[in-house]
Amino acid sequence: MIALIVTPDGLPLAYEVMPGNTNDSTTLRGFLARIEEQYGRAERIWCMDRGVPTEAVLEEMRTADPPVHYLVGTPKGRLRRLEKALLTKPWNPARAGVRVKLLAEDDELYVFAESQDRIGKERSMRRRKLKWLWARLAQLQAMSLSRDELLLKLGAAQGKVPSAWTLVDVIVPEGNTGFTYTLNRNKLRRVRRREGRYLLRTNLTETDPVKLWNYYLQLGQVEEAFRTLKSDLAIRPIFHQDQERIEAHVFITFLSYCLYVTLGRQLKALAPGLTARSALEKFAAVQMVDVHIPTTDGRGLVLTRYTQPERELQLLLERLNLQLPAQPPPKISAAQAVHAHAL
């Protein structure tokens, strides 16, 4: 398990490697102490997923001297409990397309946020999954299957779109090879009301909706960092057995992430609109190749060359003020390298 801390701007600050069987909720207390010991006390705001802190740790953070500030996601069960109280609160604009409601309760401030962009995205995802499930159920209903085969295929459909499955009532009568399905409109209405809406809790005294929303976006920075570590930088799977090798593997990946974030900040200033991921995809077109040249005495020369960047990549290099090292002939294009490899 890897714990990662980033600044509000997404810059990596620290990381810690823990045993893989460590529960998320048991990591926070020791991590807070380590960061305070390493960097000293400061007015930090800890943005965390709802599964990380326990109620006991949050209580310790509230009663610490000085208090340790946090902003944490909240389970949907708590939203149901606070729904009536939130209905009476006015909406406050946080930014274009985003509004929040604030509810103070039990030394905490609950932040109910609604994002129009997120509503559209989650609604589109839900419709696509529900449409697929509805079509799949119609296919299964038209098939001639034994009861066991039917249950297996229904289970596979449920496993593929579990969130959509909760919106459909599927009834398979005992001793019958058929089934019926209907849309649960009450559940659908509840889901629609909560799409694109989040309930957060904090012990901050800040009541500016814009600042609270920006704090919430920091949680997205952390989640994006882990997505990058797992996908772009391929931190997993780790096949090492020795603890020191595992830590060395993670350390190299952490350094790679530092460079990744630095590239993203350079792109933001010099090439707006490009992400670090899209830039790396363009850079991947440049390959290192060995050019073998036979000589008259039967021996050969091996010249290492990089393939010449295409026009689009050359423009990107110029915007980033980067220059590839000079190399003598022969100059190889990417197309030539692919053709030679095919031969």
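A polar contact, as the term is used on this tour, is a pair of N or O atoms within 3.5 Å, where, within protein, one atom must be able to donate a hydrogen and the other to accept it. The model in the viewer is a predicted one, and the first stop will make use of that definition.

**Asn 203 and its backbone partners**

Select Asn 203, which sits in the loop between β10 (197-202) and α8 (209-230). With the side chain displayed, turn to the backbone nitrogen of Tyr 70, which lies 2.9 Å from a polar atom of that side chain, and then to the backbone oxygen of Val 68, which likewise lies 2.9 Å from a polar atom of the Asn 203 side chain. Is Asn 203 buried or exposed? Its relative accessible area is 11%, so Asn 203 counts as buried. If residues up to four places away in sequence are set aside, Asn 203 touches Met 61, Arg 62, Val 68, His 69, Tyr 70 and Asp 107.

**From β10 into the salt bridges**

Stay with strand β10 and select Arg 201, whose side chain meets that of Glu 108 in a salt bridge (2.9 Å, N to O). This pair links distant parts of the chain, since Arg 201 belongs to strand β10 and Glu 108 to strand β7, 93 residues apart. Both Arg 201 and Glu 108 are buried. Widen the selection to Glu 55, Glu 59, Arg 62 and Arg 78, which together with Glu 108 and Arg 201 are linked in a network of salt bridges.

Next, follow β7 (residues 108-115) to Glu 114, which the viewer should show opposite Arg 99 of strand β6 (residues 98-105), a pair linking parts of the chain 15 residues apart. The two side chains meet in a salt bridge of 2.7 Å, N to O. Glu 114, at 2% relative accessibility, counts as buried, whereas Arg 99 is partly exposed, with a relative accessible area of 34%.

A further pair to select is Arg 126 and Glu 195, whose side chains meet in a salt bridge at 2.8 Å, N to O. Arg 126 lies in helix α4 (residues 116-142) and Glu 195 in the loop between α7 and β10, so the pair ties together parts that are 69 residues apart in sequence. Arg 126 is buried at a relative accessible area of 12%, and Glu 195 is buried at 4%. The structure holds 14 salt bridges.

**Arg 193 in α7**

Step back along the chain to Arg 193, which is found in helix α7 (residues 185-194). At 45% relative accessibility, Arg 193 counts as partly exposed. Select Ile 119 along with Arg 193 and compare the two separations: 74 residues in sequence, but 9.5 Å in space from C-alpha to C-alpha.

**Leu 28 in α1**

Move now to helix α1 (residues 28-39), where Leu 28 lies. Leu 28 is buried, with a relative accessible area of 4%. Among the residues that Leu 28 touches, not counting those up to four places away in sequence, are Met 48, Val 52, Pro 53, Val 57 and Met 61. The C-alpha atoms of Leu 28 and Met 48 are separated by 9.7 Å, and the two residues are 20 apart along the chain.

**The nonpolar cores**

Which residues touch the most other members of the largest nonpolar core? They are Leu 4, Leu 263, Leu 267 and Leu 316, out of a core of 17 residues. The elements that give two or more residues to this core are β1 (2-6), α9 (243-270), α10 (276-283) and α11 (311-319), and α9 supplies the largest share, seven residues. Select Leu 267 to see its surroundings: leaving out residues up to four places away in sequence, Leu 267 touches Pro 272, Leu 274, Thr 275, Ala 276, Ala 279, Leu 316 and Leu 320. Apart from this core lies another, of 16 residues, among them Val 100, Leu 102, Leu 200 and Trp 213.

**The surface side of α9**

Remain in helix α9, where Leu 255 is placed, and switch to a surface view. Leu 255 is partly exposed, with a relative accessible area of 37%. Together with Phe 251 and Ile 252, Leu 255 makes a nonpolar surface patch of about 270 Å².

**The whole chain**

Finally, select everything: the chain has twelve helices and 13 strands, and of its 343 residues 34% count as buried. About 21500 Å² is exposed, with carbon and sulfur atoms supplying 54% of that area. Among contacts between residues at least 6 apart in sequence, 56% join residues at least 24 apart.

Conventions
Residues numbered from 1 in each chain as written. Predicted model: local features only at pLDDT ≥ 70, side-chain atom pairs only at ≥ 80, totals over all residues. Heavy atoms only, no water. Helix = DSSP H or I, 4+ residues; strand = E, 2+ residues; numbered from the N terminus. Buried < 20%, exposed > 50% of the residue type's maximum accessible area, 1.4 Å probe, protein only. Core = buried A, V, L, I, M, F, W, Y, C linked by side-chain atoms within 4.5 Å. Contact = heavy atoms within 4.5 Å. Patch = residues over 30% accessible without salt bridge, like charges linked within 9 Å, V, L, I, M, F, W, Y side chains within 5 Å. Areas by Shrake-Rupley, 256 points an atom, 1.4 Å probe, with all protein chains shown as cover. Salt bridge = Lys/Arg side-chain N within 4 Å of Asp/Glu carboxyl O.
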